[in-house]
Amino acid sequence: MISSRLQSIASLIDADDKIIDIACDHALLDIYLVKEKKIKDIIVSDILNSALNNAKKNIKKYNLEKYITPILSDGLQNINTENKNTIIISGLGTKSIIGILRNIDKHKSINKLVIQANNDHYYLRSFIVKKKFYIENEVVVKDNNKEYITIVFKKGKKRYSYKELMFGPILIKEKSNINYFLNLLKNLELINNKIPKFTYGKKYLSKKIKILKNILKKLQRI
Ligand SMILES: C[S@@+](CC[C@H](N)C(=O)[O-])C[C@H]1O[C@@H](n2cnc3c(N)ncnc32)[C@H](O)[C@@H]1O
């Protein structure tokens, strides 16, 4: 059984997705996708030989060499994306993800990105939206006491407000995310209390907190 973090990514995959999983490490997600979701042909890649060897070992253990192709690659560098339409990246920071996707516009066949970043969701959403993808879905999952956000981007243009890019256009409409936003508010308030008055950081954080309180008010009314 895979973790609920990886399961939440799998729940966002459709039967006709033709997948490249970048930074796959163990490839447990991809093994699950083949076994449970009947996905037939996945490319998995990692920048590190040691990580890719983990993937190869696991793929062999489950006898799935026919369905999963491991490739050593820094991001998309060694990967032919022509027959693929979906990229998964999970477990990396936004800075690395942006590095990997900086030329995504050149990979014409890719029309879906499933991204689980460790941080900076505002920059992640802003960057990918600028590359002419819109946000089709977002989910939060708690795993080992930590909350993870997975975002599905699809090809297409859409405009978003600061509030939507910061907190998620789909997440802010879902009542089931109240606890996630309450935790976020608690953390931001803790940080805010430590920042000295009249600094730029304080002003910025106070703005974020105000928006977050409004989101919570609306969600609590649904
Ligand atoms: C924390 S693991 C995430 C594994 C898996 N995706 C998951 O969510 O459980 C991060 C992996 O990213 C790989 N990685 C880091 N930068 C990369 C890059 N530019 N291209 C490909 N793989 C990368 C690392 O080698 C490592 O195996």
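This passage goes through the overall build of the chain, then strand β4, and then the residues around the ligand. The model is a predicted one, and everything below should be read with that in mind.

To start with the whole chain, there are 8 helices and 7 strands in it. The chain splits into two parts, with domain 1 covering residues 4-158 and domain 2 covering 177-221. The C-alpha centres of domain 1 and domain 2 sit 30 Å from each other. Measuring along the principal axes, the C-alpha trace extends over about 60 × 35 × 35 Å. As for the radius of gyration, the chain comes out at 19 Å, and this agrees with a compact globule, because one built from 222 residues would be expected near 17 Å. Of those 222 residues, 30% count as buried. Contacts also reach across the sequence: take the pairs in contact that are at least 6 residues apart, and 66% of them link residues at least 24 apart.

Next comes β4, which spans residues 86-92. Is this strand mostly covered or mostly open? Mostly covered, as it turns out, with 5 of its 7 residues buried. β4 has a parallel partner in β1, residues 19-22, and 4 bridges hold that pairing. Here I19 is found opposite T86 of β4. β4 also pairs with β5, residues 112-117, again in the parallel sense, this time through 6 bridges. In that pairing, L92 has A117 of β5 as its bridge partner. As a general point on strands, side chains in a regular one alternate between the two faces of the sheet.

That leaves the ligand. How many residues surround it? The count is 16, and the closest are A23, D25, A51, S90 and G91. Three elements each supply two or more residues to this shell, namely β2 (42-46), β4 (86-92) and α4 (94-101). Which element gives the largest share? That is β4, with 3 residues, so the strand that is mostly covered and that pairs with β1 and β5 turns up here as well. In terms of chemistry, the shell is a mix of 8 nonpolar, 5 polar and 3 charged residues.

Notes: Residues are numbered from 1 along each chain as its sequence is written. This is a predicted model: local features need pLDDT of at least 70, side-chain atom pairs count only at pLDDT 80 or more; totals for chains, interfaces and linings use all residues. A residue is near a molecule or strand if its C-beta atom, placed from the backbone, lies within 6 Å of it. Helices (H or I, at least four residues) and strands (E, at least two) are DSSP runs, numbered from the N terminus. Ala, Val, Leu, Ile, Met, Phe, Trp, Tyr, Cys and Pro count as nonpolar, Asp, Glu, Lys and Arg as charged, and the others, Gly among them, as polar. Domain bounds come from an automatic or database domain assignment. The radius of gyration is taken over C-alpha atoms; the globule rule is 2.2 Å times the number of residues to the power 0.38. A residue is buried if 20 or more other C-beta atoms lie within 10 Å of its own, exposed if 12 or fewer, and partly exposed in between; C-beta atoms are placed from the backbone. Two residues are in contact if their C-beta atoms, placed from the backbone, lie within 7 Å. Two strands pair if DSSP finds at least two bridges between them.
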